[in-house]
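Visitor: I am new to this structure and would like a close look at a single part of it. Could you take me through the sheet, and then show me what else there is to see?

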Amino acid sequence: YWCKEQGNNTERIKRRMSAISAFYKFLRRKKLIKENPMEFMIRPKSGLPVVVQTFLTPEQVQQARDWLEKEGDLQLATFFEVGIDTMARVNALSNLQWNQIDFDNYVIDDVLEKEGKIVTLYFGDRTRDFLLKLKKDREEKGINCDYVFCAKYNGIYDKVSTSTLNAWTKKIGEAIGVPTLHPHDLRHSGSQLRKLSGMPIELISELLNHAGLDVTKKHYLREDK
């Protein structure tokens with residue numbers, strides 16, 4: 001279910017389950033455990049999509065921005081802008097800290113991505129303005145938290161979970177008539193919007209921190225019909 005929320009397709013979930021199963025098999029060979037718990041788990045059927053992949057159009061992005069402005073939730077609006085602009089994965093957004101942001105150079109450094117990869121994220125003027133407004137709002141309200149996106153838990157401010165970010169994205173999606181919207185769709189949408197604006201695929205792939213163009217072309221760009 002967690003993988004499903006992250007936007008993982010069937011084949012990726014199966015690969016993850018195989019890797020975990022291999023680890024348990026190793027533990028059994030070492031006689032550290034008696035059984036492999038993965039043997040009791042049902043694996044998803046091949047070829048079935050786990051979640052709907054959404055590529056927001058420029059019109060839908062503007063619709064979301066208009067709704068967010070009326071809603072008046074600065075943190076939610078900032079999350080949307082950062083997600084679309086940086087195209088970061090949900091785990092990276094959850095762990096984003098203020099000290100990583102270089103406002104002068106429009107970059108976010110030392111971001112931990114999948115497979116332990118450390119990457120740099122880039123943003124533009126609009127996102128910069130939202131981040132600075134959110135930072136100032138926190139200071140004025142006396143909210144002391146190292147994380148950009150935070151919530152109060154047991155009286156203490158801490159980073160929001162990926163499940164919370166999923167709920168935020170779903171809330172935005174429902175407001176614009178896209179109830180299946182999830183955080184990875186912001187990544188898809190950011191790449192598609194860059195394609196429509198004329199950015200070369202090679203640069204889009206680099207901003208997505210992909211190892212090659214194949215994944216970018218297959219999963220992150222769609223033909224504009």
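Guide: Here is a walk through the sheet, followed by a few places elsewhere in the chain. Please keep in mind that this is a predicted model.

Let's begin with the sheet. Its three strands follow the order β1-β2-β3, the pairing is antiparallel, and the sheet is open. The edges are taken by β1 (101–102) and β3 (118–122); each has a single partner strand, so one side of each is left without a neighbour in the sheet. As background, strands of a sheet pair through backbone hydrogen bonds, either parallel or antiparallel. You can follow the pairing of β1 with β2, which spans residues 107–112: the two run antiparallel and are joined over two bridges. To find one particular contact, look for Ile101, whose bridge partner in β2 is Ile108.

Now let's leave the sheet and visit helix α3, where Asp66 sits. Asp66 counts as partly exposed because its relative accessible area is 37%. Try locating Ile176 as well: it lies 110 residues from Asp66 in sequence, while their C-alpha atoms are 9.8 Å apart in space.

Our last stop is Arg43, in the loop that runs between α2 (10–29) and α3 (58–71). With a relative accessible area of 33%, Arg43 is also partly exposed. Together with Lys25, Arg29 and Lys30, Arg43 forms a positive patch on the surface. Membership of such a patch calls for over 30% relative accessible area, and the 33% of Arg43 is the value to set beside that cut-off.

How values were computed:
Residues numbered from 1 in each chain as written. Predicted model: local features only at pLDDT ≥ 70, side-chain atom pairs only at ≥ 80, totals over all residues. Heavy atoms only, no water. Patch = residues over 30% accessible without salt bridge, like charges linked within 9 Å, V, L, I, M, F, W, Y side chains within 5 Å. Areas by Shrake-Rupley, 256 points an atom, 1.4 Å probe, with all protein chains shown as cover. Salt bridge = Lys/Arg side-chain N within 4 Å of Asp/Glu carboxyl O. Lys, Arg positive; Asp, Glu negative; His and termini not counted. Charge placed at Lys NZ, Arg CZ, Asp CG, Glu CD. Helix = DSSP H or I, 4+ residues; strand = E, 2+ residues; numbered from the N terminus. Buried < 20%, exposed > 50% of the residue type's maximum accessible area, 1.4 Å probe, protein only. Pairing = 2+ DSSP bridges.
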